[in-house]
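Me: I have a structure open and would like to learn how to read its contacts. Could you walk me through a few features?

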Amino acid sequence: MRFSKLFGKTLRQTPSEAEGTSHQLLLRAGMIAQEAAGIYSFLPLGWRVLRKIENIIREEMDRVGGQELSLPVLQPIELWLKSGRYASFGKSLFTLTDRKEHVLALGPTHEEVITELVHKYVQSYRDLPLLLYQIQTKLRDEPRPRGGLLRVREFIMKDLYSFDVDEAGLDESYQKMIQAYKNIYARLELPVMMVEADSGAIGGKESHEFMVITESGEDEIVYCSNCGYAANIEKAQSAKTFVPSRSPEQSEGEALNLEAKDLLPVKEVATPGAQTIEEVANFLGISPCQTLKAIFYSADAEFIFIVIRGDLEVNETKLKNVLKRNELRLASENEVREKGLVAGFASPIGVTLALKIVADNSITIGSNFVAGANKPGYHLKNVNYPRDFQVALLTDIALAKSGDNCPKCTGKLSSTHGIEAGHVFKLGTFLSEKFGAFFLDGNGTPKPIVMGCYGIGLGRLLAAIVEQSHDNKGIIWPLSVAPYQVYLCPLHLDNPEVSSAAEKVYQELQKRGIEVLFDDRNDSPGVKFNDADLLGIPLRLTLSPRTLQSRSMEAKWRTKKEAQLLPLGDATIEISRLLNTLQIKG
RNA sequence: CGGGGUGUGGCGCAGCGGCUAGCGCGCAUGGUUUGGGACCAUGAGGUCGGUGGUUCAAAUCCACUCACCCCGACCA
């Protein structure tokens with residue numbers, strides 16, 4: 001490709017709309033262009049990269065026996081009502097109405113369609129297992145697109161769906177896909193961390209995400225460097241520390257030495273002005289972990305009373321899951337007041353049974369807690385569950401955080417940020433049951449197909465590579481996905497010797513099947529070198545009167561500081577050899 | 001949806017009641033240049049996001065509205 005003919009210009013100044021690194025570099029390099037919030041065009045350079053990523057993914061899917069197909073973007077809304085995910089996807093589902101007033105969804109994903117399809121064609125265990133995939137545009141009306149390609153409303157995604165006869169088969173498919181994903185990231189030279197994940201609106205039980213670790217990532221990850229436990233914060237657990245019972249009494253000078261099982265009688269204590277956990281703890285001279293915190297949510301319009309130990313925070317994803325609700329938000333002050341509760345002094349003790357109380361299991365780790373008295377200016381001490389109050393649900397709804405104890409070993413948890421670069425789910429049978437996707441086993445018994453699904457967003461992957469691999473000059477593409485392998489950069493193009501030598505090298509490289517971007521512009525060296533660096537093409541070849549004097553050209557890798565001189569005679573052979581060894585290594 | 005910000009040639013910005021709306025980059029033409037974003041000359045390109053209002057006069061003030069960005073909510 002001749003640079004002078006290339007559609008899309010490099011920009012010297014970063015468009016002001018771009019904040020994140022990958023967004024800025026991709027815009028400046030002329031790889032993408034924004035059309036609307038979260039909607040992008042891929043220009044020729046960006047599109048080449050995307051297609052290379054796509055091919056790598058396709059090869060790895062085919063390698064494990066995946067069969068590619070194409071599924072519709074326009075999907076009858078009935079499919080979504082049938083699966084029950086119309087509600088869980090909520091406003092993220094784009095819909096439209098056709099001329100017959102029939103409502104259609106613009107596919108945000110394709111589990112419904114594929115399950116319906118498989119239902120039609122699979123009747124026997126002999127048809128299973130099955131791995132089907134598609135690489136297509138998906139649409140989601142994200143509440144807030146951001147970060148360039150990292151979170152968009154229209155995106156190309158590879159989705160593979162696995163169909164097995166039983167859990168064991170699903171496990172096998174799941175492991176296969178995890179390996180395929182690892183192969184993909186390796187070929188993209190993208191280091192990832194595999195973490196336990198929440199399955200969100202997709203539904204299902206077990207789920208893992210592949211995270212590209214970077215501070216700019218929007219997901220938070222909690223991990224243990226001792227045993228390797230790693231999970232998305234939404235899912236992460238921690239071992240809650242036991243809290244010795246004591247302080248409110250001691251703070252009054254009573255030298256008590258209590259066992260956890262020694263429950264003291266509830267006593268009211270004045271705590272004027274102390275509303276937050278911190279204020280109460282300070283006032284009483286105790287630590288926050290010896291208090292109980294009351295928090296109020298509205299879950300699909302139902303009022304929920306949460307009790308959790310004072311040192312912990314509520315994990316809203318966990319809460320949403322245990323409640324099996326779609327919409328969760330903090331209750332407003334009015335809603336709290338209407339229920340007869342006193343914010344800042346609310347108590348689970350004595351609240352009407354009509355209120356649903358959900359508690360974190362941390363309230364059983366410790367005893368004689370301080371809780372609100374449900375009366376302004378007062379708290380209760382020596383509150384104990386279940387002696388003093390009942391709950392509808394007692395489970396883990398706490399947010400894990402850095403510094404907590406690892407749930408799997410004796411180590412401590414750390415936290416970091418990452419970009420979700422792939423997500424695998426064990427769906428189980430809930431979709432196949434809803435769609436009647438059953439097969440007959442060897443005994444002639446109908447059974448629901450056991451499903452899994454495995455997604456990778458291509459644009460997100462592309463952006464993640466840039467986030468991960470760049471310097472202050474620009475992008476550094478791995479050879480496997482670079483838009484071109486070689487940047488041919490002649491200087492003094494008005495010099496006939498240079499131009500004819502460059503043309504010759506250009507032709508020869510192309511003959512060898514090497515992808516070359518030929519900078520045939522008559523610009524100054526600085527312009528060309530800077531564009532070469534910005535575009536991030538792995539190998540730069542410079543030809544100039546100077547190098548021609550020694551019958552050579554200069555070769556410089558984007559990743560290296562130093563350049564080397566290659567004799568002109570067999571330079572293209574040498575380059576082809578270098579690229580091949582690298583390609584194999586990659 | 002809540003909070004904040006920004007809309008002026010392709011990109012980055014200035015102008016914030018007064019005359020013909022400027023600057024840098026980029027673009028075009030000619031010339032001189034060329035190893036890390038060269039220089040000179042000439043030139044093209046803008047209904048100042050939109051609508052309505054105030055005024056002798058609006059890019060500039062007011063109201064509404066739209067779009068985009070950031071934080072939060074939310075979200076594979």
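Me: What does a polar side-chain atom of E554 lie 2.3 Å from?

Reply: A polar contact is a pair of N or O atoms within 3.5 Å; within protein, one must be able to donate a hydrogen and the other to accept it, and residues adjacent in sequence count only if both atoms are side-chain atoms. Here, the partner of the E554 side-chain atom is a base nitrogen of RNA strand B. Backbone atoms take part too: a backbone N or O atom of S16 lies 2.8 Å from a phosphate oxygen of RNA strand B, and one of D523 lies 3.3 Å from a base oxygen of the strand.

Me: Before I go on, what should I know about the model and the numbering?

Reply: This is a predicted model, in which local features need pLDDT of at least 70 and side-chain atom pairs count only at pLDDT 80 or more, while totals for chains, interfaces and linings use all residues. Residues are numbered from 1 along each chain as its sequence is written, chains are lettered from A and ligands numbered from 1 in the order in which they are written, and side-chain values use heavy atoms, with hydrogens and water left out.

Me: How many residues surround RNA strand B?

Reply: A residue is near a strand if one of its heavy atoms lies within 4 Å of it. For RNA strand B there are 47, the closest being R140, R144, F155, K320 and E554. Sugar and phosphate make up 51% of the strand B atoms that come within 4 Å of the protein.

Me: Which helix gives the most to that surface?

Reply: Helices (H or I, at least four residues) and strands (E, at least two) are DSSP runs, numbered from the N terminus. The answer is α14, with seven residues.

Me: How do I read two packed helices?

Reply: They are described by the angle between their axes and the distance between the axes. Axes are lines fitted to C-alpha atoms, for helices over the stretch in contact, and angles run from 0 to 180 degrees between N-to-C directions. Take α1 (residues 21-28) and α12: their axes are 8 Å apart, at an angle of about 100°. That makes α1 roughly perpendicular to α12, a label for angles of 65 to 115 degrees.

Me: Which residues of α1 and α12 make the contact?

Reply: Contact means heavy atoms within 4.5 Å. T21, S22, L25 and L26 of α1 meet L462, A463, V466 and E467 of α12.

Methods:
Parallel < 35°, antiparallel > 145°, perpendicular 65-115°, else oblique.
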